[in-house]
Amino acid sequence: MELGLVGLGKMGNNMRERLRRAGHTVVGYDRNPEVSDATSLTDMVGRLSGTKVVWVMLPIQVVDQVIDELKALLAPGDLVIDGGNTKWTADSRNAQSLAEKGIHFLDCGVSGGVWGLQNGYALMVGGDPADVALARPIFDALKPAGDYGFVHAGEVGAGHFAKMVHNGIEYGLMQAYAEGWELLEAAGNVTNVPQVFNSWREGTVIRSWLLDLMVRALDADPHLTTIEGYAADSGEGRWTVNAAVELGVPVPTMAAALFARFTSQQDDSPSMKMVAAMRNQFGGHAVKADGDR
């Protein structure tokens, strides 16, 4: 397939490479000319032929503006896929706006961070089945090998809603691991905390990729002495808790993990050093050194 890809940051650039390795033609556009294939959105769209498919991989602050610009450039039957961390409530609005010109829309939650090029991306898609079928070769190239990693989650907005809940769960898992690490560090009789976590990577019920990343972070800095106990919240944790309130669903673990991040932004916290270290390992998020606040 041919694909236009808008946004070539930490994830978008790797997605372009993974798609190209699968044999697809990708014309990327980014405001950074050093990584961009096209000089503008107009140039990018002009290089695509037939039914045009454009994947938007941008921060939430600029998604609406870019979709409006694409609306003026694309034709009836073309397809826009929003793969960024857009709030699900915006998806129906963007879909309706594009539909005024006969342009189709899918929302796609994407997980995989900086490891996606190597391991593939988990994809959660919302929209019409026919549009999903049109873009399926793209999804198949991006997802991990095997039977898992892709889901047509439901109607427009379902993909981003599913990704939001995924991130809420991620908050809770990271917080539990981090608190366990702090407790082990505080116990004077446990003298090899990194190897305790390493021993849990096989045969235990709490083994996971996040645990693997914890061990990787501890290998580099056994006591996390160079990392400040500060972890930002991306917004999706807040959306998850707010949605739970609106739907009357109790999510105490996710809420506590979100509030722990708020605490980390006020005072240095040992457990939040580990949360910050894990975010850096899977997503390339910057970590602050002690004294660098």
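**Exercise 1. Pairing around β4.** Find how many bridges join strand β4 to strand β5, and in which direction the two strands run.

*Solution.*
- Strand β4 (residues 79–82) and strand β5 (residues 104–111) are joined by 4 bridges and run parallel. Helices (H or I, at least four residues) and strands (E, at least two) are DSSP runs, numbered from the N terminus. Two strands pair if DSSP finds at least two bridges between them.
- Pick out one bridge: leucine 79 has histidine 104 as its partner in β5.
- Turn to β3, which is joined to β4 by 4 bridges, again in parallel. Tryptophan 55 has isoleucine 81 as its bridge partner in β4.
- Check the model type: this is a predicted model, where local features need pLDDT of at least 70 and side-chain atom pairs count only at pLDDT 80 or more, while totals for chains, interfaces and linings use all residues. Residues are numbered from 1 along each chain as its sequence is written, and side-chain values use heavy atoms, with hydrogens and water left out.

**Exercise 2. The whole sheet.** State the strand order, and explain why one side of β2 and of β7 is left without a neighbour in the sheet.

*Solution.*
- The order is β2-β1-β3-β4-β5-β6-β7: 7 strands in an open sheet with mixed pairing.
- β2 and β7 (150–154) stand at the edges with a single partner strand each, so each has one side without a neighbour in the sheet.
- From one strand to the next, the twist averages 25 degrees. Axes are lines fitted to C-alpha atoms, for helices over the stretch in contact; angles run from 0 to 180 degrees between N-to-C directions.
- Add helix α4 (residues 89–99), which packs on the sheet and touches β4 and β5. Its direction makes about 150 degrees with that of β5. Contact means heavy atoms within 4.5 Å.
- Add helix α6 (residues 129–142), which lies across β1 (2–6), β3 (53–56), β4, β5, β6 (122–126) and β7. Helix α6 runs at about 35 degrees to β5.
- Finish with the faces of β4, both of which are covered. Leu79 and Ile81 are buried on one side, Val80 and Asp82 on the other. Buried means under 20% relative accessible area, exposed over 50%, partly exposed in between (1.4 Å probe, protein chains only).

**Exercise 3. A buried charge.** Locate aspartate 30 and list its surroundings.

*Solution.*
- Aspartate 30 sits in the loop between β2 (25–29) and α2 (41–46).
- Aspartate 30 is buried but has no salt bridge. A salt bridge is a side-chain nitrogen of Lys or Arg within 4 Å of a carboxyl oxygen of Asp or Glu.
- The nearest side chain of opposite charge is arginine 31, 5.5 Å away. Lys and Arg count as positive and Asp and Glu as negative; His and the chain ends are not counted.
- The aspartate 30 side chain reaches the backbone nitrogen of asparagine 32 at 2.8 Å.
- Leaving out residues up to four places away in sequence, aspartate 30 touches Gly7, Leu8, Gly9, Val35 and Ser36.

**Exercise 4. Salt bridges.** Give the salt bridge count. Then work through three pairs and a network.

*Solution.*
- The count comes to 10 salt bridges.
- Glutamate 17 bridges to arginine 21, with the closest N and O atoms 3.0 Å apart. Both lie in helix α1 (residues 12–21), 4 residues apart, about one turn of the helix. Glutamate 17 is partly exposed at 31%; arginine 21 is exposed at 59%.
- Glutamate 236 bridges to lysine 163, with the closest N and O atoms 3.6 Å apart. Glutamate 236 is in helix α10 and lysine 163 in helix α7 (residues 158–186), so the pair ties together parts 73 residues apart in sequence. Glutamate 236 is buried at 2%, and lysine 163 is buried at 5%.
- Aspartate 233 meets arginine 238 at 2.5 Å, N to O. Aspartate 233 is buried at 14%; arginine 238 is partly exposed at 40%.
- The network links Arg16, Arg20 and Asp37.

**Exercise 5. Two further residues.** Decide whether leucine 224 and glutamine 281 are buried or exposed.

*Solution.*
- Leucine 224 lies in the loop between α9 (209–220) and α10 (236–247). Leucine 224 is buried, with a relative accessible area of 0%. Phi of leucine 224 is near 55 degrees, a positive value in a residue other than glycine.
- Glutamine 281 belongs to helix α12 (residues 270–283). Glutamine 281 is buried at 13%. Its contacts, not counting residues up to four places away in sequence, are Val114, Trp115, Leu213, Arg216 and Ala217.

Notes:
A polar contact is a pair of N or O atoms within 3.5 Å; within protein, one must be able to donate a hydrogen and the other to accept it, and residues adjacent in sequence count only if both atoms are side-chain atoms.
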